[in-house]
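Below is a short report on the fold of one protein chain. It covers the sheets, a helix pair, a cis peptide bond and a pocket.

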Amino acid sequence: MARIAVVGSINMDLVTTTGRRPEPGETVLGRGFDMVPGGKGSNQAIAARRAGAEVDFVGAVGDDLFAAELRKVLDGAGVGTRRLRTAAGPSGVATIVVDSAGENTIIVVEGANATLTDLTADDLAAVAAADILLCQLEIPLPTVLAAARHARASGTTVLLNPSPAQDLSPEFWSVVDIAVVNEGESERLAASLDTVPHVVVTRGANGAVYRGPDGEIAHPGVRVEVVDTTGAGDTFTGALAAHWHRGPATALAWACTAGALATTKLGASASIPSRADIEAALER
């Protein structure tokens, strides 16, 4: 069982379903509404745990009504929350609109995630004890860099999902061992990704491609009936991290299968498949 430390975001997702997403200035009628715990850090932590890894989460919630539910979903998934701190003010929130094709539009308000500006000695100890540090870019960048530096100094593999995509310094990329990006991010970050030893590019329904020191590996993806793509990339990344120790080919198969299964249900954390579900799909 891999041991993973996630330093990242946690949000409450406010999900509206509609026949089609509105154009600028337009009002359309929605079909449904739900509140689902999410955030890239939390989603990836839960995905890694459900795929079979031991996971510790470092993050922050607010002191609002959402905080207890956000903590509860991590606890319920078996993710370690001893390092989930409480900050004054609102928790992070994401407003998500999902159309009939399962495509989405997302607006994220950082809330408590923006307060994660330092790492305690206990936080750093969790990073040092992990096999993989799993990070995204929905918390302050200096915190992500500090965690990655400590991981590199401690012999912990650094897996970065550089999303939302933005320009990072050469020093930042120098401490990344594995990068997971979608096709758009791959094009935008191409020059920087050339410096990363292992790169995985997700291709939606068409699977994913890995490139590393020993060449390329492609996985064609798993065909499913798509309901909602929210959180599918996070599920992919968490499952990849959980099985990275088994080699890129196996990790890619687990990741593509988990990511596909995540699109068959509404919501981010609620749609993340269990290890048993992923194994069953792999055997088909």
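In what order do the nine strands of the open sheet run?

## The nine-stranded sheet

The model is predicted. Its nine-stranded open sheet has the order 5-4-1-8-9-10-11-12-13. Pairing in this sheet is mixed. Strand 5 (84-86) and strand 13 (215-219) are the edge strands, and each pairs on one side only. Neighbouring strands of the sheet are turned by 15° against each other on average, with direction ignored.

One pair inside this order is strand 10 with strand 11. Strand 11 covers residues 198-202. The two strands run parallel and are joined by five bridges. Ile178 stands opposite His198 of strand 11.

## The four-stranded sheet

A second question concerns the open sheet of four strands: what is its order? The order is 3-2-6-7, again with mixed pairing. Strand 3 (30-38) and strand 7 are the edges, each pairing on one side only. Here, too, neighbouring strands are turned by 15° against each other on average, direction ignored. Strands of a sheet pair through backbone hydrogen bonds, either parallel or antiparallel.

Both kinds of pairing can be followed from strand 6. Strand 2 and strand 6 run parallel, with seven bridges between them. Asp13 has Ala94 of strand 6 as its bridge partner. Helix 2 (residues 66-77) packs on this sheet and touches strand 2, strand 3 and strand 6. The direction of helix 2 makes about 95° with that of strand 2.

## The hairpin of strands 6 and 7

How do strand 6 and strand 7 run, parallel or antiparallel? They run antiparallel, and six bridges join them. Thr95 has Ile107 of strand 7 as its bridge partner. Strand 6 and strand 7 form a hairpin with five residues between them. Gly102 lies in the turn and has a positive phi of about 90°. Most residues other than glycine have a negative phi.

## A crossing of two helices

The axes of helix 9 and helix 10 (residues 275-283) come within 9 Å. They cross at roughly 110°. Angles of 65 to 115 degrees count as roughly perpendicular, so helix 9 and helix 10 are roughly perpendicular to each other.

Helix 9 makes the contact with Ala253, Trp254, Thr257, Ala258 and Leu261. Helix 10 contributes Arg275, Asp277, Ile278, Glu279, Ala281 and Leu282. The contact residues divide into seven nonpolar, one polar and three charged.

## A cis peptide bond

Which residues does the cis peptide bond join? It joins Ser163 and Pro164, with omega about 0°. Pro164 sits in the loop between strand 9 (157-160) and helix 5 (170-174). Most peptide bonds are trans.

## The largest pocket

The largest pocket has a volume of about 1,000 Å³. Its lining has 44 residues. Thr229, Gly231, Ala232, Gly233 and Asp234 lie nearest the pocket centre. By type, the lining divides into 17 nonpolar, 18 polar and nine charged residues.

Which helix gives the most to the lining of the largest pocket? Helix 8 does, with five residues. Helix 8 (232-243) is one of several elements that each supply at least two lining residues. Among the strands doing so are strand 2 (11-18), strand 6 (92-98), strand 7 (104-109) and strand 10 (178-182). The helices include helix 1 (40-50), helix 6 (183-188) and helix 9 (248-262).

Several of these elements have appeared above. Strand 2, strand 6 and strand 7 belong to the four-stranded sheet. Strand 10 belongs to the nine-stranded sheet. Helix 9 is the partner of helix 10 in the crossing.

Notes: Residues numbered from 1 in each chain as written. Predicted model: local features only at pLDDT ≥ 70, side-chain atom pairs only at ≥ 80, totals over all residues. Heavy atoms only, no water. 1 Å grid on protein atoms, 1.4 Å probe; cavity = no way out; pocket = protein on both sides within 12 Å on 5 of 7 lines; lining within 4 Å. Points joined across faces, edges and corners; volume = space filled by probe spheres on them. Nonpolar A, V, L, I, M, F, W, Y, C, P; charged D, E, K, R; others polar. Pairing = 2+ DSSP bridges. Axes fitted to C-alpha atoms, helices over the stretch in contact; angles between N-to-C directions. Contact = heavy atoms within 4.5 Å. Parallel < 35°, antiparallel > 145°, perpendicular 65-115°, else oblique.
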